[in-house]
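This report describes one protein chain, from single residues to the overall fold. The sequence and structure are shown first.

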Amino acid sequence: MKRSFYQYALKHRGKLVQDEYSQFAEAMFLDHSFPKSSIDFQEVSQYLEEKAHPVLRASTFDRMWEEYEAG
């Protein structure tokens, strides 16, 4: 079974030197309404567009999603 995007992105949390991926992962982790079980691009993308959180940027999500799909 494929792990969710949320589970994939959590691997970027906790870096000593923060980058945009680790900041995204931390903000996602702290957002209790994030669709944690989703493997659907549209569902997560729509959530991020509606949330409009400054750290949960669409450009960062798009790059992370490409890596998630390739992984």
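## A buried aspartate in a loop

D31 has a relative accessibility of 8% in this predicted model, and because buried means under 20%, D31 counts as buried. The residue lies in the loop that links α2 to α3, the latter covering residues 41–51.

Leaving aside residues up to four places away in sequence, D31 touches K36, Y47, K51 and L56. Two of these partners, Y47 and K51, fall within the range of α3.

## A buried alanine in helix α1

A9 belongs to helix α1, which comprises residues 5–9. Its relative accessible area is 0%, so A9 is buried.

When residues up to four places away in sequence are not counted, A9 is in contact with A25, M28 and M64. Of these, A25 and M28 lie within the span of α2 (residues 20–30), and M64 within that of α4 (residues 58–70). The C-alpha atoms of A9 and F24 are 8.4 Å apart, with a separation of 15 residues along the chain.

## Packing of α2 against α4

Two packed helices are described by the angle between their axes and the distance between the axes. For helix α2 (residues 20–30) and helix α4 (residues 58–70), the axes approach to within 10 Å, and the crossing angle is roughly 95 degrees. Helix α2 is therefore roughly perpendicular to α4.

On the α2 side, the contact is formed by E20, Y21 and F24; on the α4 side, the participants are T60, F61, R63, M64 and E67. Classified by residue type, this contact of α2 with α4 comprises four nonpolar, one polar and three charged residues. M64 of α4 takes part in this contact and also touches A9.

## Overall fold

The protein chain contains four helices and zero strands. Read from the N terminus, its elements follow the order α-α-α-α. The radius of gyration is 11 Å, close to the 11 Å given by the globule rule for 71 residues, so the protein chain is as compact as a globular protein of that length. The C-alpha trace spans about 30 × 25 × 20 Å along its principal axes.

Among contacts with a separation of 6 or more, 59% join residues that are 24 or more positions apart. Buried residues account for 37% of the 71 residues in the protein chain. The exposed area of the protein chain is about 4500 Å², and carbon and sulfur atoms supply 53% of it.

Definitions and conventions
Residues are numbered from 1 along each chain as its sequence is written. This is a predicted model: local features need pLDDT of at least 70, side-chain atom pairs count only at pLDDT 80 or more; totals for chains, interfaces and linings use all residues. Side-chain values use heavy atoms; hydrogens and water are left out. Axes are lines fitted to C-alpha atoms, for helices over the stretch in contact, and angles run from 0 to 180 degrees between N-to-C directions. Helices (H or I, at least four residues) and strands (E, at least two) are DSSP runs, numbered from the N terminus. Angles under 35 degrees count as roughly parallel, over 145 as roughly antiparallel, 65 to 115 as roughly perpendicular and the rest as oblique. Contact means heavy atoms within 4.5 Å. Ala, Val, Leu, Ile, Met, Phe, Trp, Tyr, Cys and Pro count as nonpolar, Asp, Glu, Lys and Arg as charged, and the others, Gly among them, as polar. The radius of gyration is taken over C-alpha atoms; the globule rule is 2.2 Å times the number of residues to the power 0.38. Buried means under 20% relative accessible area, exposed over 50%, partly exposed in between (1.4 Å probe, protein chains only). Accessible areas come from the Shrake-Rupley method with a 1.4 Å probe; for residues, only the protein chains shown count as cover.
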